[in-house]
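Colleague: Could you pick out one part of this model and take me through it closely? I'd like to know how that part is put together and what sits around it.

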Amino acid sequence: MLLCKRRYCKAYKSMSTAFKISSFLETNSRVHEFEYEVMDMRRVGEKDINLLSVLSEEEIRQLDSLKIEKNRIQWIAGRYAVKSALFKYKLQRAVLMDLSCIDVLKGEDSSPFIPQYQDICVSITHSFPYCIAIVSNKKIGVDLEGISEPNESLIRYFYSTEEKNILENLKKTDEYCQRAMIFWTRKEAVSKLLKLGMRMDFRELNTSKNEMTIGNYYIYLKSYICGEFALSIASE
Ligand SMILES: CC(C)(COP(=O)(O)OP(=O)(O)OC[C@H]1O[C@@H](n2cnc3c(N)ncnc32)[C@H](O)[C@@H]1OP(=O)(O)O)[C@@H](O)C(=O)NCCC(=O)NCCS
């Protein structure tokens, strides 16, 4: 039994982060009814004709307004990932589409949306080198962050009392940074689901449980440590 556990741990450690991210999303996509795409931005070239060919005229216009290379790469990866996820979503419903006729735009609140399919919810996250997009018929938010030592003032100002108490008990353990980042990604995922972004009152949000009610929304939270990253999904 111990041998099996050791073998399992070794096998798990040798899995690539991208594989861990995809496995987590695959499992949850069935329960929470979404489609997803994970992209490795190291493979995104600004001149990659396959990627650029799925951009619409409006998207190319917006891309032209971005000057910093990192932002351009993130932007291309985000559009491509959303469109791949949308393609899978529509394929499930026996619909094929020309992806270059679909726009993935930013609303006034900066949240992503598809004008041609306003009933479909979209969420995007990037944390180098990964970009994840999710599409669903339910409200949804996704966030991925690299795990690092959390800034104490960030915890003081943005974490709820319950979260702070849990972290206080984990101080000086290996779990401290992971749990702090999981709370953070959960907050970001909920803020994306509600389309509030930074306007969300993060301190009021207690993400220490896997379920929460905000207004009329009953929200499920799922999180996972994928190698050096924390990943969370908030789903209606
Ligand atoms: C907007 C926000 C959601 C971005 O989160 P982030 O973790 O920095 O970045 P991510 O890569 O995970 O997410 C970016 C995506 O969020 C989406 N997004 C932006 N505003 C959004 C909103 N109001 N609602 C839903 N999604 C939003 C966009 O799709 C964006 O990708 P795109 O620009 O390619 O379209 C926001 O909560 C934020 O800026 N957080 C950072 C807060 C922070 O660092 N605070 C430190 C203390 S001041």
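Modeller: Sure. I'll call two strands paired if DSSP finds at least two bridges between them. Helices and strands themselves are DSSP runs numbered from the N terminus: at least four residues of H or I for a helix, at least two of E for a strand. Keep in mind that this is a predicted model, where local features need pLDDT of at least 70 and side-chain atom pairs count only at pLDDT 80 or more, while totals for chains, interfaces and linings use all residues. Residue numbers start from 1 along each chain as its sequence is written.

The part I'd zoom in on is an open, antiparallel sheet of 4 strands, in the order β6-β9-β8-β7. β6 and β7 are the edge strands with a single partner each, so one side of each has no neighbour in the sheet. On average, neighbouring strands here are turned by 20° against each other, direction ignored (axes are lines fitted to C-alpha atoms, for helices over the stretch in contact, and angles run from 0 to 180 degrees between N-to-C directions).

Start at the β7 edge. Strand β7 (residues 211-214) pairs with strand β8 (residues 217-226) in the antiparallel sense, over 4 bridges. If you want to find the register on screen, look for T213, whose bridge partner in β8 is Y218, and M212, which is partnered by I219. The two strands make a hairpin with 2 residues between them, and G215 in that turn has a positive phi of about 55°.

Now carry on along β8. Over 7 bridges, β8 pairs antiparallel with strand β9 (residues 229-235). Y224 sits opposite L231 in β9. This is another hairpin with 2 residues between the strands, and the turn glycine, G227, has a positive phi of about 60°.

What packs on this sheet? Helix α2 lies across β8 and β9, running at about 155° to β8 (two residues are in contact if their C-beta atoms, placed from the backbone, lie within 7 Å). α8 packs on the sheet too, touching β6, β8 and β9, and its direction makes about 145° with that of β6.

α2 (residues 17-32) has other partners as well: it lies across β1 and β5, at about 170° to β1. Those strands belong to an open, antiparallel sheet of 3 strands in the order β1-β5-β4. Its edges are β1 (34-40) and β4 (121-127), each with a single partner strand, so one side of each is left without a neighbour in the sheet. Neighbouring strands of that sheet are turned by 10° on average, direction ignored. β1 pairs antiparallel with β5 (residues 130-136) over 7 bridges, with Y36 opposite I134. Helix α5 (residues 69-92) lies across β1, β4 and β5, at about 35° to β5. Also worth a click is P129, in the loop between β4 and β5: a cis peptide bond joins F128 to P129, with omega about 10°.

Back to the wider setting. The protein splits into domain 1 (16-33 + 138-236) and domain 2 (34-137), with bounds that come from an automatic or database domain assignment. Their centres, over C-alpha atoms, are 23 Å apart. The contact takes 20 residues from domain 1 and 17 residues from domain 2. On the domain 1 side, α2 and β6 (140-146) each supply at least two of the touching residues. The largest share, 7 residues, comes from β6, the strand at an edge of our sheet. That side of domain 1 divides into 7 nonpolar, 6 polar and 7 charged residues (Ala, Val, Leu, Ile, Met, Phe, Trp, Tyr, Cys and Pro count as nonpolar, Asp, Glu, Lys and Arg as charged, the others, Gly among them, as polar).

The ligand comes in here too. There are 20 residues around the ligand, of which G78, S110, S111, T125 and G197 come nearest. α5, β4 and α8 (175-193) each give two or more residues to that shell. Being near means having a C-beta atom, placed from the backbone, within 6 Å. The shell has 6 nonpolar, 8 polar and 6 charged residues. Both domains contribute to the shell, so the ligand lies between them. That ties α8 to two places: the shell around the ligand and the sheet we began with.
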